[in-house]
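Dear colleague,

I am handing over the structure we spoke about, and I would be glad if you could look through it alongside the notes below.

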Amino acid sequence: MHITLVPGYQGSPPEQWQSRWEADLPDVTRIAPSSWDEPELEDWMSALDKAAGAQHGNTVLVAHSLGCLAAAEWLLRNPVGARGVFLVSPPDPVAASFPQPAGTFRNPRLQELPVPGLLIASESDPYCALPAAEVIAAAWKLPFINAGELAHINEKSGVGYWEQGRDLLTAFTAGLGERAAIG
């Protein structure tokens, strides 16, 4: 199954799990907005149109941090644009830690997403307290997984390849395949 990677603010460096997965997975596209450092929501929507839209609904969005907000908005605009969404460490848009340059992302639509998904968050994320992540998951009507004390689940967290996340993605995408075969 195709994977569309949606990194967060400032992108994913080579040591981050998304970049490592990109090197490991057979069918992956990474969005390419015009700026990772000065993100504009509409630019990221265009980048998702190019990357995920080209898959005609046969992709899973794998998003991290600010990319979670972009992925959710894109799905609300394109309800059949993907088969599922795998969201890791969304930022709390009302928290003081929310990146100032990402102001156009600050008011996400918190309503049920049109595809199956999974939201994974950490107990020690400096960009989103666990209760806020649970509220976001509930608003998007997604199952929620507490990954434990993994900070922002990025290269600075020391998770490396993040085998636990990769296993969760494998199980999630397998479930999508089963539903498609049954339905």
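The notes that follow take up the pocket, the nonpolar cores and two of the helices in turn. Please keep in mind throughout that this is a predicted model.

The pocket may be the natural place for you to begin. The largest pocket holds about 400 Å³ of space, and of the 20 residues that line this pocket, Tyr9, Gln10, Tyr127, His152 and Asn154 are the closest to its centre. By residue type, the lining of the largest pocket is made up of 10 polar, 8 nonpolar and 2 charged residues.

Turning to the interior, the largest nonpolar core has 38 residues, and those that touch the most other members are Leu48, Leu61, Leu87, Phe105, Leu119 and Trp140. Two or more residues of this core come from each of helix H2 (41-51), strand S3 (59-64), helix H3 (66-77), strand S4 (84-88), strand S5 (117-121) and helix H4 (130-139), and the largest share, 9 residues, is given by H3. To take one member in detail, Phe105 touches Pro39, Glu40, Leu41, Trp44, Leu66, Leu69, Ala70, Pro93 and Phe98, where residues up to four places away in sequence are not counted. There is also a second, separate core of 19 residues, and Leu5, Val60, Val62 and Phe86 are included in it.

Two of the helices deserve a closer look. In H2, the residues Leu41, Trp44, Met45, Ala47, Leu48 and Ala51 are buried; seen down the axis of H2, these buried residues fall within an arc of 160°, and they therefore line one face of the helix. Residues three or four places apart in an α-helix point the same way, because there are 3.6 residues a turn. The cover over the buried residues of H2 includes strand S1 (2-6), strand S2 (28-30), S3 and H3.

As for H4, its buried residues are Leu130, Ala132, Ala133, Ile136 and Ala137, and they too line one face of the helix, because seen down the axis of H4 they fall within an arc of 160°. These buried residues pack against S5 and strand S6 (144-146), whereas the face of H4 turned away from the buried side carries Pro131 and Val135, which are exposed. After H4 comes Lys141, and its phi is positive, near 55°.

With best regards

Conventions:
Residues are numbered from 1 along each chain as its sequence is written. This is a predicted model: local features need pLDDT of at least 70, side-chain atom pairs count only at pLDDT 80 or more; totals for chains, interfaces and linings use all residues. Side-chain values use heavy atoms; hydrogens and water are left out. On a 1 Å grid over the protein atoms alone, a cavity is a set of points where a 1.4 Å probe fits but cannot get out, and a pocket is an open set with protein on both sides within 12 Å along at least five of seven lines; lining residues have an atom within 4 Å of a point. Grid points are joined across faces, edges and corners, and a volume is the space filled by probe spheres set on the points. Ala, Val, Leu, Ile, Met, Phe, Trp, Tyr, Cys and Pro count as nonpolar, Asp, Glu, Lys and Arg as charged, and the others, Gly among them, as polar. A nonpolar core is a set of buried Ala, Val, Leu, Ile, Met, Phe, Trp, Tyr and Cys residues joined through side-chain atoms within 4.5 Å. Buried means under 20% relative accessible area, exposed over 50%, partly exposed in between (1.4 Å probe, protein chains only). Helices (H or I, at least four residues) and strands (E, at least two) are DSSP runs, numbered from the N terminus. Contact means heavy atoms within 4.5 Å. The arc is that of the directions from the helix axis to the C-beta atoms.
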